[in-house]
Amino acid sequence: MFVSQLGTEGPDDGQFSAPYDVGVAPDGSVYVVDTGHNQIQKFTSTGVFVTKWGTYGAGDGQFYSPYGIAVASDGSVYVADTANHRIQKFTSAGVFISQSQWGTLGAGSFRRGDGQFDEPGGIAVASDGSVYVVGLNNHRIQKFSLGQ
């Protein structure tokens, strides 16, 4: 049974261009990866727009075609910054947590070095804080321990 919807097409708050993934926090907040706008949007559990963050680029807190999002039990938000080949971590308010991004584009066939990515896509956080990342083009899942 249909309950509700979030957003419409467009550039404004609560609007999307190619929403790709969604994550739900323990408090019920909903986070949406807006791939087309290179940003994350946050909503209340009832669908009210709260905030958004991110712009196109390769700096801290910037994105280039983000795909995946996961919310940890402490409310931290992990984003698979796909075309920048890295993972970034934020507070629930969208503040970039310094020293909390990792990953580089690997070299060579299938770019398989530990901690290297070739377009990370899906991401999940386990109850123990471990972070699992899907490597779209290097055909594997990598696990990272708490503190990454």
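**Exercise 1. State how many helices and strands the protein chain has, and decide whether its radius of gyration agrees with that of a compact globule.**

Solution. The secondary structure of the protein chain consists of 0 helices and 15 strands. The model is predicted. For 148 residues, a compact globule would have a radius of gyration near 15 Å. The protein chain has 15 Å, so the value agrees. The C-alpha trace spans about 45 × 35 × 30 Å along its principal axes. Of the 148 residues, 45% count as buried. The accessible surface comes to about 7400 Å², and carbon and sulfur atoms hold 51% of that surface. Among contacts with a separation of 6 or more, 37% join residues 24 or more positions apart.

**Exercise 2. Find the salt bridges in the whole structure and classify the residues of each as buried, partly exposed or exposed.**

Solution. A search of the whole structure gives 2 salt bridges.

Step 1. Lys-52 pairs with Asp-13, with 3.0 Å between the closest N and O atoms. This pair links distant parts of the chain: Lys-52 is in strand 6 (residues 49–53), Asp-13 is in the loop between strand 1 (8–9) and strand 2 (15–16), and the two are 39 residues apart. Lys-52 has 29% relative accessibility and therefore counts as partly exposed. Asp-13 has a relative accessible area of 46%, so Asp-13 is partly exposed.

Step 2. Arg-86 pairs with Asp-81, with 2.7 Å between the closest N and O atoms. The cut-off for buried is under 20% relative accessible area. Arg-86, at 7% relative accessibility, therefore counts as buried. Asp-81 is buried because its relative accessible area is 0%.

**Exercise 3. Locate Gln-142, classify its exposure and describe what its side chain and its contacts reach.**

Solution. Gln-142 lies in strand 15 (residues 140–144). Its relative accessibility is 9%, so Gln-142 counts as buried. A polar atom of the Gln-142 side chain is 2.8 Å from the backbone nitrogen of Gly-115. Leaving aside residues up to four places away in sequence, Gln-142 touches Gly-113, Asp-114, Gly-115, Gln-116 and Phe-117, and also Val-131, Tyr-132 and Val-133.

**Exercise 4. Take Tyr-132 from the contacts of Gln-142 and place Tyr-132 in its strand and its surface patch.**

Solution. Tyr-132 is in strand 14 (residues 131–135). With 33% relative accessibility, Tyr-132 counts as partly exposed, because the class between buried and exposed runs from 20% to 50%. On the surface, Tyr-132 forms a nonpolar patch with Val-134, Leu-136 and Ile-141. Together these residues have about 320 Å² of accessible area.

Note on methods
Residues numbered from 1 in each chain as written. Predicted model: local features only at pLDDT ≥ 70, side-chain atom pairs only at ≥ 80, totals over all residues. Heavy atoms only, no water. Helix = DSSP H or I, 4+ residues; strand = E, 2+ residues; numbered from the N terminus. Buried < 20%, exposed > 50% of the residue type's maximum accessible area, 1.4 Å probe, protein only. Polar contact = N/O pair within 3.5 Å; in protein donor to acceptor, adjacent residues only side chain to side chain. Contact = heavy atoms within 4.5 Å. Patch = residues over 30% accessible without salt bridge, like charges linked within 9 Å, V, L, I, M, F, W, Y side chains within 5 Å. Areas by Shrake-Rupley, 256 points an atom, 1.4 Å probe, with all protein chains shown as cover. Salt bridge = Lys/Arg side-chain N within 4 Å of Asp/Glu carboxyl O. Rg over C-alpha atoms; globule rule 2.2 N^0.38 Å.
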